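Please open the model in a viewer and keep the selection panel at hand. The tour below proceeds by selections, with a short account of what is found at each stop.

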Amino acid sequence: MSPEQAEAARVLSAGRAQWPQVKVKPEAFLAFVVAAMKAAGGALADPLSEELLLTFACAHGDPAATTLVERRLAAVVSAEARRLRLQDHADDITQLLSEQLLVPGGRPRLLGYLGRGPLASWLRVTSVRELLRARKKAARRPESAQLIDLFDPLESARADPQLQYLKKHYGSKVRRALRSAVDALEPRARELLQGTLVGLTIYELGPRYGVHPVTASRWLRRAHADVQAHLRQTLAEELGLGQEELRSILRLVQSRIALDPSAFSPR
């Protein structure tokens, strides 16, 4: 028995022990897990979650599994909608994701969950993405504009005298530089930054791209460094200040857009 087959058998046994009411065809489930592991490179840093049995069974129409996953999905969407102050969109997003993730036939998106981490984390990333899309659609604003709102170093200027001064004298130029820096990023880099700015971690974002959290961390740090470098260059060209004053402004701006350390910690 190969390592992939052994791990697939372990997940099947653990899942059946936890949810005896959930039914799958063992041969089909084992083949699915083995194929998914081989496609991802085979090696595992951590054991697969037994929740993989739930999602596989749900995607193939098992009623008991569907009920369990629906409850998880509704709870995650509700919590994220409250946190993002998008409660008005919670019911619509729950319905949308239920149709996209849970309805059997074809290849439901739920099969994109490959057991690498808790199901709740995978659902959380998916829910946040759809909630932010709903907000963008309602506001009819481009994704980069939403990211700039989240990243804006002058957003809390009222509470900081230094930021008040910066906002008054250089606010429009700082925002233009930030918009230029964000627009220069690749879509994946913008998604990663936006994800962390609304509270997601690399342990939740990594599986979204099928990569280890270490890889997601490297991508995120590179994206953040690119924004800072672009800001530094653009502000140096735009502001026309002496080196000392320019360094002071850059330190202030860059301190406000530092990455939250919690983005690199598992929940």
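Is Pro63 buried or exposed? Select Pro63 in this predicted model: its relative accessible area is 60%, so the residue is exposed. Pro63 belongs to helix α4. Add Val22 to the selection; 41 residues separate Pro63 and Val22 along the chain, and their C-alpha atoms are 8.0 Å apart.

**Ala65 and Val22**

Keep Val22 displayed and move to Ala65, which is also a residue of helix α4. Here the relative accessibility is 0%, and Ala65 therefore counts as buried. The C-alpha atoms of Ala65 and Val22 are separated by 5.7 Å, although the two residues are 43 apart along the chain. Once neighbours within four places in sequence are set aside, the residues in contact with Ala65 are Val22, Leu54, Ala57 and Cys58.

**The whole chain**

Now zoom out and colour by secondary structure. The protein contains twelve helices and zero strands, so the order of elements from the N terminus reads α-α-α-α-α-α-α-α-α-α-α-α. Of the 267 residues, 46% are buried. Switch to a surface representation: about 13900 Å² is exposed, and carbon and sulfur atoms supply 51% of this area. Among contacts between residues at least 6 apart in sequence, 70% join residues that are at least 24 apart.

**The nonpolar core**

Return to sticks and select Phe29, Val33, Leu52 and Leu101. These are the residues with the most contacts inside the largest nonpolar core, a set of 71 residues. Centre the view on Leu101 and display its surroundings. Apart from neighbours within four places in sequence, Leu101 contacts Leu73, Pro108, Arg109, Leu110, Trp122 and Leu123.

**Aromatic pairs**

How many aromatic pairs does the model hold? The count comes to three. For one of them, select Phe32 and Phe56, a tilted pair with 5.2 Å from centre to centre and 40° between the planes. Phe32 lies in helix α2 (residues 26–39) and Phe56 in helix α3 (residues 51–59), so this pair ties together parts that are 24 residues apart in sequence. Phe32 counts as buried because its relative accessibility is 15%; Phe56, at 6%, likewise counts as buried.

Next select Tyr113 and Trp122. Why is this pair edge-to-face? The ring centres are 6.1 Å apart and the planes meet at 65°, so the pair receives that description; planes over 60 degrees apart count as edge-to-face. Tyr113 is buried, with a relative accessible area of 1%, and Trp122 is buried at 12% relative accessibility. Trp122 has already appeared on this tour as a contact of Leu101.

Add Phe29 to Phe32 and Phe56: these three residues form one aromatic cluster. Phe29 was also among the residues with the most contacts inside the largest nonpolar core.

**A loop residue with positive phi**

Select Arg85, which is found in the loop between α4 (63–83) and α5 (90–102). Its phi is near 60°, a positive value in a residue other than glycine. Most residues other than glycine have a negative phi. The relative accessibility of Arg85 is 75%, so the residue counts as exposed.

**Helix α9**

Finally, select residues 187–197, which make up helix α9. Its buried residues are Ala189, Arg190, Leu192, Leu193, Gln194, Gly195 and Thr196. Which residues does Thr196 touch, not counting those up to four places away in sequence? They are Leu205, Leu220, Leu259 and Ala263. Thr196 has a relative accessibility of 12% and therefore counts as buried. Within the helix, a polar atom of the Thr196 side chain lies 2.9 Å from the backbone oxygen of Leu193.

Select Arg188 together with Trp219. The charged end of Arg188 sits over the ring of Trp219, at 3.5 Å from the ring centre. To end the tour, step past α9 to Gly199, which follows the helix and has a positive phi near 105°.

How values were computed: Residues numbered from 1 in each chain as written. Predicted model: local features only at pLDDT ≥ 70, side-chain atom pairs only at ≥ 80, totals over all residues. Heavy atoms only, no water. Buried < 20%, exposed > 50% of the residue type's maximum accessible area, 1.4 Å probe, protein only. Helix = DSSP H or I, 4+ residues; strand = E, 2+ residues; numbered from the N terminus. Contact = heavy atoms within 4.5 Å. Areas by Shrake-Rupley, 256 points an atom, 1.4 Å probe, with all protein chains shown as cover. Core = buried A, V, L, I, M, F, W, Y, C linked by side-chain atoms within 4.5 Å. Polar contact = N/O pair within 3.5 Å; in protein donor to acceptor, adjacent residues only side chain to side chain. Phe/Tyr/Trp six-rings, centres within 6.5 Å; stacked < 30°, edge-to-face > 60°. Lys NZ or Arg CZ within 6 Å of the ring centre and 35° of its normal.
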